[in-house]
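Hi there,

Here is the structure I promised to pass on. Have a look at it first, and my notes follow underneath.

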Amino acid sequence: MTRPVPTIAVLASGKGTNLQAILDAIANGELSATVSLVLSNNHGAPALDRARRAGVPTRVVEQPTVEILLKVLAEAQVELICLAGYLKILPPEVVRTYHNRIMNIHPALLPAFPGLHAVRQALTYGCRVTGVTVHFVDDGVDTGPIILQEAAPISPSDTEASLTKRLHEVEHRLYPEAIRRFIEGKLRVVGRKVLLK
Ligand code: GRF
């Protein structure tokens, strides 16, 4: 018997380059999954165009209440939720319903520089190394159990734009990799730790 293909919702407010990386990984067979929904709070998000081009259903919910979110996610029969530049905080009820089934990608080596403008924060701080973190979402801001991390160097000539570009290259590899491990059942969460099987 073949296993059913896991369904993913991607929540994005902006450009959607990480969404694109996920869609590309599915298209080229690296990831055996379906994106059944792209949800945004922003009508103008380029992420929505990327979803439409790939034939993925989209929803825009400007004021995402618990009821609407749970309804939309249930309708899409979502097994995993991937936040990819989603600028709204998920209500605790949604986090609880999808406990350890919501991932986020963050452009810093958490717990350093959580929240907004992480790339700028690392540059301003004078770090020589920063990186990317994929983690499960809990009730805090960028505080959930860490799935994968990868470091990236900062050079003295870096600007926010050049460093963001370097980190995006890492993100676009790391996110599909974390999702692949999840859907292959190779992640086990024990307290704060994610064991990679
Ligand atoms: C990425 O840098 C991600 O780490 C952060 O938001 C950004 C989204 O970029 N959470 P994109 O919309 O996927 O291009």
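Please keep in mind as you read that this is a predicted model. I'll begin with the ligand and then turn to some backbone details.

The ligand's oxygen atoms have several polar partners. A backbone N or O atom of Asn18 sits 2.8 Å from an oxygen atom of the ligand. The ligand exposes 370 Å² when taken alone, and the protein buries 82% of that. For Thr17, the partner is a polar side-chain atom, 2.5 Å from a ligand oxygen. Gly16 takes part through its backbone, where a polar atom is 2.7 Å from an oxygen atom of the ligand.

Where does all this take place? The space that the ligand takes up is the largest pocket.

Which residues surround the ligand? From the early part of the chain come Lys15, Gly16, Thr17 and Asn18, and the list continues with Gly85, Ile105, His106, Pro107, His168 and Glu171. By character, this shell consists of 2 nonpolar, 6 polar and 2 charged residues.

If you colour the model by secondary structure, three elements are worth picking out: helix H1 (17-27), strand S5 (102-106) and helix H6 (160-183) each give at least two residues to the shell around the ligand. Colouring by domain is useful too, as domain 1 (1-98) and domain 2 (105-197) each contribute at least three residues to that shell.

Now for the backbone. Most residues other than glycine have a negative phi, and most peptide bonds are trans. With that in mind, here are three places to look at:

- Leu110 and Pro111 are joined by a cis peptide bond, with omega at about 15°. Pro111 belongs to the loop that runs between S5 and helix H5 (118-125).
- Asn100 is not a glycine, yet its phi is positive, at about 55°. You will find Asn100 in the loop between helix H4 (92-97) and S5.
- Asp142, also not a glycine, has a positive phi of about 60°. Asp142 is located in the loop connecting strand S6 (129-136) with strand S7 (146-153).

If you only have a minute, I would start at Gly16, Thr17 and Asn18, which are among the residues surrounding the ligand, and then go on to the cis bond between Leu110 and Pro111.

Happy to go through any of this with you.

Best wishes

Note on methods:
Residues numbered from 1 in each chain as written. Predicted model: local features only at pLDDT ≥ 70, side-chain atom pairs only at ≥ 80, totals over all residues. Heavy atoms only, no water. Near = heavy atom within 4 Å. Polar contact = N/O pair within 3.5 Å; in protein donor to acceptor, adjacent residues only side chain to side chain. Areas by Shrake-Rupley, 256 points an atom, 1.4 Å probe, with all protein chains shown as cover. 1 Å grid on protein atoms, 1.4 Å probe; cavity = no way out; pocket = protein on both sides within 12 Å on 5 of 7 lines; lining within 4 Å. Sits in = over half its atoms within 2 Å of the grid points. Helix = DSSP H or I, 4+ residues; strand = E, 2+ residues; numbered from the N terminus. Nonpolar A, V, L, I, M, F, W, Y, C, P; charged D, E, K, R; others polar. Domains from an automatic or database assignment.
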